[in-house]
Amino acid sequence: MYSFMGGGLFCAIVGNILLVVSTATDYWMQYRLSGNYAHQGLWRYCMSNKCYMQTDSIAYWNATRAFMILSGMSCFAGIIAGLMSFSHFSSFERFNRSFAAGIMFFVSTFFVLLGMAIYTGVTVNFLGRRFGDWRFSWSYILGWVAMLMTFFAGIFYICAYRMCECRRGTNQR
């Protein structure tokens, strides 16, 4: 049980770090504009070695930002619940912290999946046609890797919960 929780905690911490780095950096997409290379993130775009804030309130950027922030927050809450699940003290008999941590990691996975899907769909259908020479960059890829890490953290914690429930079932007989 503790090995599952340790593996889940490791995946969750790495996933949360990747979520923060992915959300904060400016390399979601790279493209060529007027002969110069440019790149953009969720908050800024950079051209000719100068970066500018994204002042346009475009719905897909706002939705992607919101889902990535919600994902990071729910992953952090899952990490707190996951750390608390190592202690045996519980003031609530029916509340299992391993189960709560697993659910929070699945919620985080769902939020990052929504954010990445929105960004991907709009970029491919709208921006991809606007810029001829473009590609997704490393910040975008880190978002997908963070989604996998939070998903596996949820799997590990649900497995730990199931092992704990199986032990309770055999002890009650």
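## A salt bridge between Asp26 and Arg44

In this predicted model, the side chains of Asp26 and Arg44 come together in a salt bridge, with a nitrogen-to-oxygen distance of 2.5 Å. The pair ties distant parts of the chain to each other, since Asp26 lies in the loop between α1 (2-24) and β1 whereas Arg44 belongs to strand β3, and the two residues are 18 apart in the chain. The structure holds one salt bridge.

The two partners can also be described by their accessibility. Asp26 has a relative accessibility of 7% and therefore counts as buried, the cut-off for that class being under 20%. Arg44, with a relative accessibility of 33%, counts as partly exposed.

## Overall architecture

The protein chain contains four helices and five strands, and, read from the N terminus, its elements follow the order α-β-β-β-β-α-α-β-α. Of its 173 residues, 42% count as buried.

## The β3-β4 hairpin

Strand β3 (residues 44-47), which also carries Arg44 of the salt bridge, runs antiparallel to strand β4 (residues 50-53), and four bridges join the two strands. Within this pairing, Tyr45 has Tyr52 in β4 as its bridge partner.

The two strands form a hairpin with two residues between them, and in the turn Ser48 adopts a positive phi of about 50°.

## The second largest pocket

The second largest pocket has a volume of about 270 Å³. It is lined by 15 residues, of which Gln40, Gln54, Asp56, Trp61 and Arg130 are the closest to its centre.

Several elements take part in this lining: β1 (29-33), β3, α2 and α3 (97-130) each supply at least two residues. The largest share, which amounts to three residues, comes from α3.

## A nonpolar patch on the surface

On the surface, Tyr2, Phe76, Ile80, Leu83, Met84 and Phe86 form a nonpolar patch, and together these residues have about 550 Å² of accessible area. Helix α2 (residues 59-84) gives the most to the patch, with four residues; this helix is also among the elements that supply at least two residues to the lining of the second largest pocket.

Leu83, one of the patch residues, has its place in helix α2. Its relative accessible area is 47%, so Leu83 is classed as partly exposed, and this value satisfies the requirement of over 30% relative accessible area that applies to patch residues.

Definitions and conventions:
Residues numbered from 1 in each chain as written. Predicted model: local features only at pLDDT ≥ 70, side-chain atom pairs only at ≥ 80, totals over all residues. Heavy atoms only, no water. Patch = residues over 30% accessible without salt bridge, like charges linked within 9 Å, V, L, I, M, F, W, Y side chains within 5 Å. Areas by Shrake-Rupley, 256 points an atom, 1.4 Å probe, with all protein chains shown as cover. Salt bridge = Lys/Arg side-chain N within 4 Å of Asp/Glu carboxyl O. Buried < 20%, exposed > 50% of the residue type's maximum accessible area, 1.4 Å probe, protein only. Pairing = 2+ DSSP bridges. 1 Å grid on protein atoms, 1.4 Å probe; cavity = no way out; pocket = protein on both sides within 12 Å on 5 of 7 lines; lining within 4 Å. Points joined across faces, edges and corners; volume = space filled by probe spheres on them.
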